[in-house]
Amino acid sequence: MTIDPQARKLAAIAYGEASGANDPSEIGAIAWAVANRARAWGGKTVDQLLIADPNYTYAVKDGNQRFGRLMGASETSISGDKGMSLALASATSALANSGTDPSNGAYWWDGVDFKTNYQNHPKVKDGFHFSNPAHNIFGVQESSQLVTIYWKVRDRKTGREINSKVRGAYKYVWESTAAYGKTIFWKHGADYLHATGEKSYR
């Protein structure tokens with residue numbers, strides 16, 4: 001049976017982005033995070049999602065060896081390899097939205113660079129929170145800052161936009177949903193979404 005191109009692409013992303021331990025939960029959660037975001041973003045295919053957000057996953061363009069290996073592997077090679085066959089099974093389930101989502105509804109993830117690049121990491125600057133202390137697999141400090149968002153109204157005399165009533169406030173943009181192997185999974189915090197009106201998948 002020929003492998004569906006979108007399933008192969010998703011499997012290669014999950015296989016390439018995961019650590020080399022071939023942890024079923026880690027690989028599965030990455031596959032589900034991608035599929036979750038694609039579904040939420042108007043039911044996009046994996047390829048359409050990557051076009052909409054070219055920097056979403058670096059495995060597809062940074063020469064990741066595991067990604068390239070699965071993309072070029074035969075069906076026989078995939079079925080005979082524990083990690084690749086696991087990735088394909090996870091991708092197939094995630095795309096079908098069938099079974100248990102190990103990412104717990106995540107749309108994003110971070111690997112070891114979250115620790116090694118902590119000082120300059122965008123999520124650290126945005127603010128992040130571990131919903132469960134067990135998700136802090138790298139032993140890093142949470143970051144937060146209170147941000148208040150106001151509704152904007154236009155001053156009739158000057159034509160300028162000015163702050164009106166408070167729309168909402170938040171302390172962090174990112175909230176963890178799970179952690180496996182060497183990967184932490186994320187979604188946007190509810191307070192951030194309420195205060196900004198941003199889409200959960202953007």
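Here are some short exercises on this structure, each with a worked solution.

The model is predicted, so local features need pLDDT of at least 70 and side-chain atom pairs count only at pLDDT 80 or more, while totals for chains, interfaces and linings use all residues. Residues are numbered from 1 along each chain as its sequence is written, and side-chain values use heavy atoms, with hydrogens and water left out.

**Exercise 1. Salt bridges**

Find how many salt bridges the whole structure has, and look at where D53 and R37 lie.

Step 1. Start with the rule: a salt bridge is a side-chain nitrogen of Lys or Arg within 4 Å of a carboxyl oxygen of Asp or Glu. A search of the whole structure gives four salt bridges.

Step 2. One of them joins the side chains of D53 and R37, with N to O at 2.8 Å. D53 lies in the loop between α3 (46-52) and α4 (65-71) and R37 in helix α2 (residues 24-40), so this pair ties together parts that are 16 residues apart in sequence. Helices here are DSSP runs of H or I with at least four residues, strands are runs of E with at least two, and both are numbered from the N terminus.

Step 3. Now check burial. Buried means under 20% relative accessible area, exposed means over 50%, and partly exposed is in between (1.4 Å probe, protein chains only). Both D53 and R37 are buried.

**Exercise 2. Two further salt bridges**

Describe the salt bridge between R69 and D81, then the one between D110 and K123.

Step 1. The closest N and O atoms of R69 and D81 are 2.8 Å apart. This pair links distant parts of the chain, with R69 in helix α4 and D81 in the loop between α5 (75-79) and α6 (82-96), 12 residues apart.

Step 2. R69 is partly exposed at 44% relative accessible area, whereas D81 is buried at 17%.

Step 3. In the salt bridge of D110 and K123, N to O is 3.0 Å. D110 lies in strand β1 (residues 108-110) and K123 in helix α8 (residues 122-126), so parts 13 residues apart in sequence are tied together. D110 and K123 are both buried.

**Exercise 3. Aromatic rings**

Work out why the pair of W108 and W174 is edge-to-face.

Step 1. Rings of Phe, Tyr and Trp (its six-membered ring) pair if their centres lie within 6.5 Å; planes under 30 degrees apart are stacked, over 60 edge-to-face, and the rest tilted. The count by this rule is 13 aromatic pairs.

Step 2. The ring centres of W108 and W174 are 5.0 Å apart and the planes stand at 85°, so the pair is edge-to-face. W108 in strand β1 and W174 in strand β5 (residues 174-180) are 66 residues apart.

Step 3. W108 is buried, with a relative accessible area of 9%, and W174 is buried with a value of 9%.

Step 4. For F128 and F130, the centres are 5.4 Å apart and the planes at 80°, so this pair is edge-to-face too. F128 is buried at 1% relative accessible area, and F130 is buried at 6%. Ring pairs also link F114, Y118, F128, F130 and W186 into a cluster.

**Exercise 4. The sheet**

Give the order of the four strands in the open sheet and say which stand at the edges.

Step 1. Two strands pair if DSSP finds at least two bridges between them. The order is β1-β6-β5-β2, with mixed pairing.

Step 2. β1 and β2 (128-129) stand at the edges, each with a single partner strand, so one side of each has no neighbour in the sheet.

Step 3. β1 pairs with strand β6 (residues 183-188) in the antiparallel sense over three bridges. D110 stands opposite I184 in β6.

**Exercise 5. The core**

Find the number of residues in the largest nonpolar core, then list the contacts of L10.

Step 1. A nonpolar core is a set of buried Ala, Val, Leu, Ile, Met, Phe, Trp, Tyr and Cys residues joined through side-chain atoms within 4.5 Å. The largest one has 55 residues, and those with the most contacts inside it include L10, I13 and W109. Its largest share, nine residues, comes from α2.

Step 2. Contact means heavy atoms within 4.5 Å. Leaving aside neighbours within four places in sequence, L10 is in contact with A31, V34, A35, V46, A91, A94 and L95.
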